[in-house]
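Let's take a walk through this structure, starting with how its strands line up and then moving inward. Have a look at it first.

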Amino acid sequence: ADLTPNDPLFTDCWGLVNTGQFGGQVDFDMVADLAWDITTGNANIKVLIIDNGVQQNHPDINQNAGRDFTTGDPNGIPGGGPQNQFDKHGTAVAGCATAIINNNLGTVGVAPGCKSLSARTFVGIDADHWTSQVSWTVNALNWGLSQGARVSNNSNAYGPAMQHSSIEEAYDLSHAAGMVPFAAAGNDGASALSYPASIPV
């Protein structure tokens, strides 16, 4: 039977199971309840979260220790958590991926049995903007490979200054090694994909 989690905010997760709870189209979702009857994920599967940091002690996110690549160290420094009041996006993204199921707390991720792996590559500068460097994304992807990440997620859109061949090469390398890349297509309804989602891998 369809698995129904006891997490109190699960009923708000229209992307997982859409009952029209916010006026949306019923069943326009990921059919997560049916997928969870097959598997809720595996702790050996790591999801690299390329973002502005994931709260490392979050009680409702299944994760391994992350790294901060904004320091200039190509290997990152231990941590990977938010560093200022605007670094809130990464924690939410990791929750969408691996928030713990059936713990009577918060919400649930689409792959709650897997592990998020934070790679902090952005520094929030206000509620809607961040700054970064090309090398930070490249270093994060390389580190993710060294950690055995099987999936990468980058829910961001890069401006022209960040669109660089070395990022494309890093995505090509990680994909060739078996890592499945995900990136934000864009939130503006435009027909063109944002970058790095537009990279052909």
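Start at Asp-68, whose bridge partner in β3 is Ile-77. On the β4 side, Asp-68 has Arg-120 as its bridge partner. A quick word on what you're looking at: this is a predicted model, where local features need pLDDT of at least 70 and side-chain atom pairs count only at pLDDT 80 or more, while totals for chains, interfaces and linings use all residues. Residues are numbered from 1 along each chain as its sequence is written, and side-chain values use heavy atoms, with hydrogens and water left out.

**The sheet**

The names of helices (H or I, at least four residues) and strands (E, at least two) come from DSSP runs, numbered from the N terminus. Two strands pair if DSSP finds at least two bridges between them. Strands of a sheet pair through backbone hydrogen bonds, in either a parallel or an antiparallel way.

Strand β2, residues 63–68, pairs with β3 in the antiparallel sense over three bridges. Here Arg-67 has Pro-78 of β3 as its bridge partner. With β4, strand β2 pairs in the parallel sense, over four bridges.

Now zoom out: six strands make an open sheet with mixed pairing, in the order β3-β2-β4-β1-β7-β8. Which strands stand at the edges? They are β3 (77–79) and β8 (180–183); each has a single partner strand, so one side of each is left without a neighbour in the sheet. On average, neighbouring strands of this sheet are turned by 25° against each other, direction ignored.

Helix α2, residues 89–98, lies across β1, β4 and β7 and runs at about 155° to β1. That angle is taken between N-to-C directions, from 0 to 180 degrees, using axes fitted to C-alpha atoms, for helices over the stretch in contact.

**The cores**

A nonpolar core is a set of buried Ala, Val, Leu, Ile, Met, Phe, Trp, Tyr and Cys residues joined through side-chain atoms within 4.5 Å. Buried means under 20% relative accessible area, exposed means over 50%, and partly exposed is in between (1.4 Å probe, protein chains only).

The largest nonpolar core has 21 residues, and Leu-48, Ile-50, Leu-141, Tyr-158 and Ile-167 touch the most other members. At least two residues of this core come from each of β1 (46–51), β4 (115–120), α3 (134–146) and α4 (165–176). The largest share, six residues, is supplied by α3. There is also a second, separate core of 10 residues, with Val-54, Ile-61, Ala-94 and Cys-114 among them.

Contact means heavy atoms within 4.5 Å. Not counting residues up to four places away in sequence, Leu-48 touches a list of residues including Leu-117, Ala-140, Leu-141, Trp-143 and Val-151.

Back to α3, where the buried residues include Val-134, Trp-136, Val-138, Leu-141 and Trp-143. How far apart are the end C-alpha atoms of α3? They are 19 Å apart, which agrees with the 18 Å that its 13 residues should span at 1.5 Å a residue; the expected span is 1.5 Å times one less than the number of residues. Just after α3, Gly-148 takes a positive phi of about 80°.

**A buried asparagine**

Asn-154 sits in strand β7, residues 151–154. Buried or exposed? Asn-154 counts as buried, because its relative accessibility is 0%. Its side chain makes a polar contact of 2.7 Å with the side chain of Tyr-158. (A polar contact is a pair of N or O atoms within 3.5 Å; within protein, one must be able to donate a hydrogen and the other to accept it, and residues adjacent in sequence count only if both atoms are side-chain atoms.)

Leaving aside neighbours within four places in sequence, Asn-154 is in contact with residues including Ile-50, Phe-122, Tyr-171 and Pro-196. Pro-196 lies in the segment after β8, and the peptide bond leading to Pro-196 from Tyr-195 is cis, with omega near 15°.

**Partly exposed spots**

Here are three residues side by side.

| Residue | Place | Relative accessible area |
|---|---|---|
| Val-31 | segment before α1 (32–38) | 33% |
| Leu-34 | helix α1 | 42% |
| Asn-102 | loop between α2 and β4 | 39% |

Val-31 has a positive phi near 50° without being a glycine. Asn-102, not a glycine either, has a positive phi of about 55°. As for Leu-34, its C-alpha is 31 Å in space from that of Gly-66, and the two residues are 32 residues apart in sequence.
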